[in-house]
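Biologist: I would like to go through a helix pair and a sheet, one feature at a time. Please start with the helices.

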Amino acid sequence: MIARELVGKLLGKGDEVVGIIHDPKNSLHIQNPKYCELALSMEEYGNALRVFEDADCIFHFAWNGTRGKARDDEALQMRNYHASMTLLDHVVRSGWGGVRKFFLAGSQAEYGKPSDSGAPVDEKVEPHPLTAYGKAKFKLLHDGLARCTSDLILIEPRFFSTYGFHDRGDTLLSYAIPRLLKGERCEFGMCLQSWNFIHASDSAEALVALMESDVSSGSYNVASDDTRPLKEYLLEMKDVFNSTSELVFGAVDQDENSIMELNPCIEKIQSDTGWAPKIRFAEGIKSLVDSGAYKG
C-alpha cells in the first residue's frame with residue numbers, strides 16, 4: 001500500500017522506478033516508460049543485482065508474515081531478516097557508488113508496549129518488541145547499521161497505523177466502514193487506548209522527503225500529528241458517514257496484554273526534512289469511500 005503510493009509519487013517527479021514484486025498477480029499495472037517491473041522473491045534478489053547496481057536509492061519493503069499469527073512465526077521472520085541482510089550485504093560489498101540511501105520498512109511493533117507514563121514515543125526510546133515480527137525488524141536495523149559504511153545511509157521509517165487505497169481486508173477500518181455505510185451494528189473492544197492513523201499518501205510523502213533531504217542513518221517515526229483514543233476515531237467515522245449504526249464498545253473481549261498504545265512523536269522527521277502530514281482522518285476515510293475502495 002505505501003509502496004504503491006511511493007511509486008506514483010516518484011514517477012510524478014520524473015524519476016525512473018524499478019518495482020520488484022513477489023508475485024505477478026500483485027502487479028501494479030502501471031503504464032509509464034519510466035517504470036519497469038520484475039517478479040522476484042526476496043531469496044531471488046541475488047539474481048537481479050544489476051538492477052540494484054544502477055539505483056540511487058533502494059526501498060526494501062518486502063516482508064512476509066506481517067499480519068496475524070505469522071507475526072509470531074520466528075522461523076518465518078528470521079527468513080525475512082536473512083534475505084534482507086543478504087541484499088544489504090550485496091550493496092555494501094559491491095561498492096556501487098550510485099546507491100546513496102537504503103530504506104528499510106520499520107514498524108511501530110519494534111517499540112513493543114511503552115511505559116505507563118503516557119509520554120510520546122520518540123526514536124530515542126529503547127525498543128522492546130514483543131512479537132517475532134517486531135524483533136526481526138529491530139534486529140535488521142541494528143545489524144544493518146553495524147554493517148553499513150559511511151558511504152551508504154541506512155534509513156528505517158517506522159510506520160504507525162497506516163490506511164489508504166489497496167489496504168488489506170483484515171483491518172479495523174475494513175471491518176467498520178462497510179458496516180457503518182449499511183447502518184449495521186458494530187462491535188468493538190473498549191477502544192480506550194491512544195491511537196494514531198496516518199494516510200498512506202502522507203507516509204509516501206515522508207519517504208520522498210527523507211530521500212531528498214540531507215539526513216543521517218537511523219530510524220524515523222512516520223505517523224500523523226493526530227493521536228487520540230481509538231474510540232474517538234470510530235465515533236468520527238460514524239459522523240462522517242452520517243451512519244445510523246449502533247457502535248457497541250466493550251462487546252469484544254481483549255487480552256489486556258495485547259492492547260497496544262500508539263502515541264508517536266514525529267518531531268525528528270519534521271525537523272530533519274520539513275515534512276508534515278496533510279490529510280486529516282475525516283478527509284482520508286471519505287476519499288476512500290468516494291473512490292469505491294469501501295462499499296456499503
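Biologist: Which hand does the crossing of helix 5 and helix 7 have?

Modeller: The hand depends on which way the near helix is turned from the far one, and clockwise by less than a right angle counts as right-handed. In this predicted model, helix 5 and helix 7 cross in the right-handed sense.

Biologist: Which residues of helix 5 and helix 7 make the contact?

Modeller: Helix 5 contributes Leu 172, Leu 173, Ala 176, Ile 177 and Leu 180. From helix 7 come Leu 230, Leu 234, Met 237 and Lys 238. Sorted by class, the contact has eight nonpolar residues, one charged and no polar.

Biologist: At what angle do helix 5 and helix 7 pack, and how far apart are their axes?

Modeller: The angle is about 30°, and the axes of helix 5 (residues 172-182) and helix 7 (residues 230-240) lie 10 Å apart. Angles under 35 degrees count as roughly parallel. Helix 5 and helix 7 are therefore roughly parallel to each other.

Biologist: Now the sheet. What is the order of the strands in the open sheet?

Modeller: The order is 7-9-11, three strands with mixed pairing. Strand 7 (161-163) and strand 11 (227-229) are the edges; each has a single partner strand, so one side of each lacks a neighbour in the sheet. From one strand to the next, the twist averages 45°.

Biologist: How many bridges join strand 7 to strand 9?

Modeller: Three, and strand 7 runs parallel to strand 9 (residues 194-199). One residue pair to look at is Tyr 163 with His 199, its bridge partner in strand 9.

Terms used
Residues numbered from 1 in each chain as written. Predicted model: local features only at pLDDT ≥ 70, side-chain atom pairs only at ≥ 80, totals over all residues. Heavy atoms only, no water. Pairing = 2+ DSSP bridges. Helix = DSSP H or I, 4+ residues; strand = E, 2+ residues; numbered from the N terminus. Axes fitted to C-alpha atoms, helices over the stretch in contact; angles between N-to-C directions. Parallel < 35°, antiparallel > 145°, perpendicular 65-115°, else oblique. Contact = heavy atoms within 4.5 Å. Nonpolar A, V, L, I, M, F, W, Y, C, P; charged D, E, K, R; others polar.
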